[in-house]
Amino acid sequence: MKEELNVEVKAKIADPGEVKKKLLQLGAEEVGLFPQTDTYFLTGRGRLKLREIEGLEEAELIYYERGDEAGPRPCRAVVMRISRKAAEALKKALPTRSVVRKARHIFRLGPTEIHVDEVVGLGFFLELEVKTGPEVSPRDALKIARDLLSKLGVRDEDLVPYSYGDMVAREAVGVRVLWAPWRMAYITRAREARGCLLCRLHEEGKDEENKIIYRSRTCFVVLNIYPYNTGHVMVAPYRHVAYPTELTDEEMMDLWRTVNLAIRAIELAYGPHGFNIGINLGRVAGAGVEDHLHVHVVPRWLGDTNFMPVLASTKVISQHIDEMYEALRKAFSELAATSAK
């Protein structure tokens, strides 16, 4: 058994051949191609997976703890080699969360092990694992990872916070991890902004500029300008509260009445096949604006990303957002007029 402290990062890539070419130009050593199957088990904390590599008599049982952050971050792992018989026993005894099958092309460059992965059902990814030790501190490892990402031309919006096990598990139950790289700008903006972003949006008196679509008695609807999908809106109370438990009865009823109105408006404007409705409470749960409660209303279609393409320029993105704003504002107005009769 061995314990490891690495700095790791994962990114989506479009052209694995180009990445491999750059690695060789940087002087990386090509280790080989290894078909792998990772079985992720349900755990109370961290992640536990069984790795079986084609052609090897032993398997690896790996427990690791790592933050779900899009970028280089520390990962503490315990790795144990076990027999194939023990591996089969574990698969029978432990509840399985997901099974990931991939072809892993491994390279080495100094203290960094580099993986170019083709993951069944997910596509192509790049992973960096910078090994720490007596000569490489965690801080050094972070710098090495960032420098290598830059040399390989990896953009911030390509970075992935999730494990393959997470992504495959969500695919299996129909909750797809929408690949929305344009949202990295929103995450950065929300966390670096001074004061509360949502308070500022509804108080500035610039509803059209801020994409405020609708105002009710105690809450408002704002278009998410870094959406997971076309038509993605957020419903938030005017009052600055972090948790639903802090709402008054009137605010709670008005919030969910407005969520229902948002669903109807999006149906009228776009006719989606379904919705995700959700609240993230706290940064650990994924909240971009963690101190001001808001409900995400995300329309869903079969195929999803056909409706929200990776847009090529700021001008095109801005035009798409403006079109969404006008379509949803019109739908809200029609519904409000109908209910007033």
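1. Strands, as named in this note, are DSSP runs of E at least two residues long, numbered from the N terminus, and in that numbering Leu223 belongs to strand β11. The model is a predicted one, and the points below should be read with that in mind.

2. On the overall make-up, the protein chain has nine helices and 14 strands. Of its 341 residues, 45% count as buried. Among the contacts between residues at least 6 apart in sequence, 63% join residues at least 24 apart.

3. On confidence, the mean pLDDT of the protein chain is 86, with 85% of its residues reaching 70 or more. Two stretches deserve caution: over residues 173-179 the pLDDT is below 50, although this stretch has 18 contacts in the model beyond near neighbours in sequence, and over residues 305-315 the pLDDT is likewise below 50, with 16 contacts of that kind. Any reading that rests on contacts made by residues 173-179 or by residues 305-315 should be worded with care.

4. The largest nonpolar core has 25 residues, and those with the most contacts inside it are Ile213, Leu223, Val233, Val235, Leu255, Val297 and Phe332. At least two residues of this core are supplied by each of β11 (219-223), β12 (233-237), α8 (249-270), β14 (295-300) and α9 (314-340). Apart from this core lies another, of 16 residues, which has Val19, Phe107, Ile114 and Leu148 among its members. As background, nonpolar side chains in soluble globular proteins tend to be buried together.

5. Which residues surround Leu223 once its neighbours within four places in sequence are left aside? Leu223 is in contact with Lys211, Ile213, His232, Val233, Ile321, Met324, Tyr325 and Leu328. With a relative accessible area of 2%, Leu223 falls under the 20% cut-off and therefore counts as buried. The C-alpha atoms of Leu223 and Met234 are 6.4 Å apart in space, while the two residues are 11 apart in sequence.

6. Ile213, one of the contacts of Leu223, lies in strand β10 and is buried, with a relative accessible area of 8%. Leaving aside its neighbours within four places in sequence, Ile213 is in contact with Val221, Val222, Leu223, Val233, Tyr325, Leu328, Arg329 and Phe332. Its C-alpha is separated by 8.6 Å from that of Glu326, although Ile213 and Glu326 are 113 residues apart along the chain.

7. Lys211, also among the contacts of Leu223, lies in the loop between α7 (207-210) and β10 (212-215). Is Lys211 buried or exposed? Its relative accessibility is 12%, which is under 20%, so Lys211 counts as buried. The backbone here is also worth a look: phi of Lys211 is near 65°, a positive value in a residue other than glycine. Most residues other than glycine have a negative phi.

8. Helix α8 has 22 residues and reaches 32 Å from its first C-alpha to its last, close to the 32 Å expected at 1.5 Å a residue. Its buried residues are Glu251, Asp254, Leu255, Thr258, Val259, Leu261, Ala262, Ile263, Ala265 and Ile266, and this set includes the acidic residues Glu251 and Asp254. In an α-helix there are 3.6 residues a turn, so residues three or four places apart point the same way. The helix is followed by Gly271, whose phi is positive, near 60°.

9. As for enclosed space, the structure holds one cavity of 30 Å³ or more, and about 30 Å³ of space lies in the largest cavity. Lining this cavity are Glu8, Val9, Lys10, Arg66, Arg73, Glu127 and Leu128. β1 (2-12) and β8 (123-131) each supply at least two residues of the lining, and β1 gives the largest share, three residues.

10. The second largest pocket has a volume of about 640 Å³ and is lined by 33 residues, of which Arg51, Glu60, Arg104, Glu113 and Glu129 lie nearest its centre. Which strands supply at least two residues each to this lining? They are β1, β2 (29-41), β3 (47-53), β4 (58-66), β5 (73-83), β6 (96-109), β7 (112-119) and β8. β1 and β8 thus appear in the lining of this pocket as well as in that of the largest cavity.

Notes. Residues are numbered from 1 along each chain as its sequence is written. This is a predicted model: local features need pLDDT of at least 70, side-chain atom pairs count only at pLDDT 80 or more; totals for chains, interfaces and linings use all residues. Side-chain values use heavy atoms; hydrogens and water are left out. A nonpolar core is a set of buried Ala, Val, Leu, Ile, Met, Phe, Trp, Tyr and Cys residues joined through side-chain atoms within 4.5 Å. Buried means under 20% relative accessible area, exposed over 50%, partly exposed in between (1.4 Å probe, protein chains only). Helices (H or I, at least four residues) and strands (E, at least two) are DSSP runs, numbered from the N terminus. pLDDT is the predictor's confidence in each residue, from 0 to 100. Contact means heavy atoms within 4.5 Å. The expected span of a helix is 1.5 Å times one less than its number of residues. On a 1 Å grid over the protein atoms alone, a cavity is a set of points where a 1.4 Å probe fits but cannot get out, and a pocket is an open set with protein on both sides within 12 Å along at least five of seven lines; lining residues have an atom within 4 Å of a point. Grid points are joined across faces, edges and corners, and a volume is the space filled by probe spheres set on the points.
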